[in-house]
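User: Please examine closely the internal cavities of this model and the parts of the chain that enclose them. What lines these spaces?

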Amino acid sequence: MSWWAALPPAGFLLAAAPVAGASSRRVGHAVGVVAGLLVFGWSLAVPAGRHFPTTLFGFDAVVVAVGPLSRTVGVVLGFIAAVNVVYAYATDAPRSTTAYALAYTGVCLGAVFAGDWLTLVVFWELMAVGATLLVWNRGSDAIRAGFRYAVYHEVGGVFLIAGVLLHYLRVGSFVFTGQGFSPGLPAVLAAIGIGLNVGFLGLHPWLVDSYPRSHVAATVVLCGCTTKVGVYALARAFPGGHVAIAAMGGAMVLVGVTMAVLQVEVRRLLTYHIVSQVGYMVAGVGVGSALGRAGGMAHLLNNVLYKSLLFMVGGLLLVRTGSENLKKMGGLARETPVLFATYAVAALAIAGVPGFNGFVSKGMVIDSADAGGLELLWWALVVGGVGTVVSFAKFGYYAFLGERHGDSADEIPSLAPVEAVPLVAVSVACVALGLFPDLLFAVLPPGTEEAKVFVSSQFTKAGAVLVAGLAVFALLKRPLSKVTGAPDLDSVYHPAGRAALDFAAEATIRVATALDSVASSVNTAGDRWQTATFPEGRLDPIGVGVLLVVLTLAVVLAVLLGV
């Protein structure tokens, strides 16, 4: 076990990335699957408390540390990395996409298993680079989205680094102590920096800008990693929670699900549900109790599974129909029953229906809000659940039921085995963790003993949310059919960003032109002075240079001697 435990989990995927990019598709993807499964096994097998202290940039550091939080994230990222490699192969993703995806997941694991803030920040910045390359790799309109992604995340990185440095100045160490960030300005800066990756309201437009423009296999990786590593870092930075974080989580749930209901494009709808579902995790972290913390991490793990499954389904819908518009689909349940069945599993899981994994973790987070006396948060989480049912009833109705709405009546082919395998694998995981929650609790931090999964009140609450959601969809189906989307902050941020960039470029040109004009005037005046003072010829430039150096040294010496 010792040699196995000494291997950093990020190394498996980072080593597989160049192989996936340089070798044949079959060999490269096979290596990627093995690397993901190795991470999954490593995260399960290496005991908590194992850590490897070292130095980084001359400071004490712990490059790899295994704890309850990191184990939860490591297990699910390893599993979904392996599954997504198969999905990438099935959707004919370029080898470069698979390579970037493996490398990106690797650096995410580096951040998750870091035992100090300095190491985490290094991998955090590499995450921004890796995700940008992953988005850029699609080309076309993804280029500008990738550039904006980089700008967003570098700004967030600056805030986090500033918070980490101020924290170090207060405590004298980067190493995790379990106490979280120093209160005051360090904590505020860290919350903003981490919150950008998490998708806090106001900091979330990069999500809906970049995810729908990436390759379908890249989107699966991005949805499974970026915001989830952010939630992990938030739990690490604020182990005792904070009411402001809990409130932000509730707001994310409500706003995210509202925006999702109004979308007609598949991946844009699913991306807004990232904001909403991450809100449950943030709420659990913000509550700060053992149950809330465990519930937030449980929802993180479950969300990676069913949200990745939803993005896989959405990607295959795009591949088959050539469109992301739900209103151009319909009737696909009859033509692709396996795709419909796996969608149904994911939809029931995200809606928190009993028997599926989302039921377990949503119940834990909602109960933690109730136990903490946070009544408004409790209502926000419950109402958000109703909205989730509405949006996925809409998704299922337009994509899989009713008549075909698109221009083409061509039959959509059923799933090939290589396409079905990753979808079925994740579906089985969603059901298994819903029916046997002890499998989930085994990889969660303490607090699961307070979970009341199968008590009657949980079934009553989940049933009421499901019925209410279906009723609301039935009432709103006609008006929703006329809605084609809703504006978001990206409609303000991005034009403002372009205007600021254009202004900066124009100002730079003006300053450069003015400086060039001044330099020309000075040169002209110098030439006239030399001609008037030395009519017989110009000064020797070497002599002038020597004179200037001597004069400069004389001034410096005078200052040093106090003359």
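Analyst: **Enclosed cavities and their linings**

The lining of the largest cavity comprises 8 nonpolar, 4 polar and 2 charged residues (Ala, Val, Leu, Ile, Met, Phe, Trp, Tyr, Cys and Pro count as nonpolar, Asp, Glu, Lys and Arg as charged, the others, including Gly, as polar). The model is predicted, with local features requiring pLDDT of at least 70 and side-chain atom pairs pLDDT 80 or more, while totals for chains, interfaces and linings use all residues. Residues are numbered from 1 along each chain as its sequence is written, and side-chain values use heavy atoms, without hydrogens or water.

A cavity is a set of points on a 1 Å grid over the protein atoms alone where a 1.4 Å probe fits but cannot get out, and lining residues have an atom within 4 Å of a point. There are 4 cavities of 30 Å³ or more. The largest holds about 150 Å³, a volume being the space filled by probe spheres set on the points, which are joined across faces, edges and corners. Among its 14 lining residues, G352, K362, I366, A462 and V465 lie closest to the centre.

The second largest cavity holds about 70 Å³, and its lining has 7 nonpolar, 4 polar and no charged residues. Helices α4, α5 and α10 (216–237) each supply at least two of these residues (helices are DSSP runs of H or I, at least four residues, numbered from the N terminus). The greatest contribution, 5 residues, comes from α5. A81, V85, T98 and L102 are among the residues lining this cavity.

Notes:
On a 1 Å grid over the protein atoms alone, a cavity is a set of points where a 1.4 Å probe fits but cannot get out, and a pocket is an open set with protein on both sides within 12 Å along at least five of seven lines; lining residues have an atom within 4 Å of a point. Helices (H or I, at least four residues) and strands (E, at least two) are DSSP runs, numbered from the N terminus.
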